[in-house]
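The report below introduces a structure to a reader who has not met it before. It takes the sheet as its starting point and then turns to the helices.

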Amino acid sequence: MSLEYVNQYLSETEEILQSIDRNGVADAIDLFSDLKRTQGRLFILGIGGSAGNASHAVNDFRKICNIEAYAPTDNVSELTAWTNDDSFDVIFKNWLLTSKLSDKDALLVFSVGGGSQKASYNLVLAMETAKEIGTRIVSIVSRDGGAAKKLSDVCILVPVVVQERITPHAEGWQGVLWHLIVGGVKDR
């Protein structure tokens with residue numbers, strides 16, 4: 001039974017691998033290479049497991065690519081203050097505005113569903129704010145892409161192959177894809 005599950009999960013992973021938009025990954029590498037060249041900052045957003053991925057990705061973009069990068073979720077004191085005083089919906093928007101987000105910067109969004117009125121609305125408000133400012137947006141998402149698909153300059157969609165494993169595949173592929181992007185930026 002365990003081996004059957006392992007084989008099924010890895011088979012699903014292979015199916016996702018064959019469907020990943022390689023042009024989108026290359027576009028993300030180009031965008032972040034330009035960000036590095038122009039010395040813009042990178043803000044990485046995620047909720048839940050994607051927040052953990054955001055923190056890890058900050059390390060890689062800073063240490064390996066020499067890009068100034070931040071994850072708002074690394075500052076739990078500030079996020080809980082925004083949540084308590086204003087609302088959970090505005091935590092990322094307010095954090096980005098306080099950080100003086102500009103058109104020289106970029107946003108990287110990790111999300112299973114890409115944000116909507118009902119789920120991860122805080123990501124939607126952050127992306128809308130970034131769009132108004134002229135900040136470039138890259139997202140790595142699953143499901144139908146949600147708001148991220150509409151608002152991003154580059155949206156890399158992790159395809160749904162099995163409904164009950166959307167989240168583990170989406171969050172696992174976030175790691176594979178940001179590591180791929182980091183390697184591409186480093187080598188340029």
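## Sheet and helices

An open sheet of 5 strands, paired in parallel, has the order S2-S1-S3-S4-S5; strands (E, at least two residues) and helices (H or I, at least four) are DSSP runs numbered from the N terminus, and two strands pair if DSSP finds at least two bridges between them. Strand S2 (69–70) and strand S5 (154–157) stand at the edges with a single partner strand each, so one side of each has no neighbour in the sheet. This is a predicted model, in which local features need pLDDT of at least 70 and side-chain atom pairs count only at pLDDT 80 or more, while totals for chains, interfaces and linings use all residues. Residues are numbered from 1 along each chain as its sequence is written, and side-chain values use heavy atoms, with hydrogens and water left out.

Strand S1 (residues 42–45) pairs with strand S3 (residues 106–110) in the parallel sense over 4 bridges, and leucine 42 stands opposite alanine 106 in S3. Two helices that lie on the sheet are set out here, with angles from 0 to 180 degrees between N-to-C directions of axes, which are lines fitted to C-alpha atoms, for helices over the stretch in contact (heavy atoms within 4.5 Å).

| Helix | Strands | Angle |
|---|---|---|
| H3 (residues 49–63) | lies across S1, S2 and S3 | about 160° to S1 |
| H6 (residues 121–133) | touches S1, S3 and S4 (136–141) | about 160° with S3 |

Helix H8 (residues 166–186) has buried residues (under 20% relative accessible area, 1.4 Å probe, protein chains only), including Trp173, Leu177 and Trp178. Among the elements covering the buried residues of H8 are helix H1 (2–19) and helix H2 (22–37). H1 and H8 pack at an angle of about 55°, with their axes 11 Å apart.

Conventions: Buried < 20%, exposed > 50% of the residue type's maximum accessible area, 1.4 Å probe, protein only.
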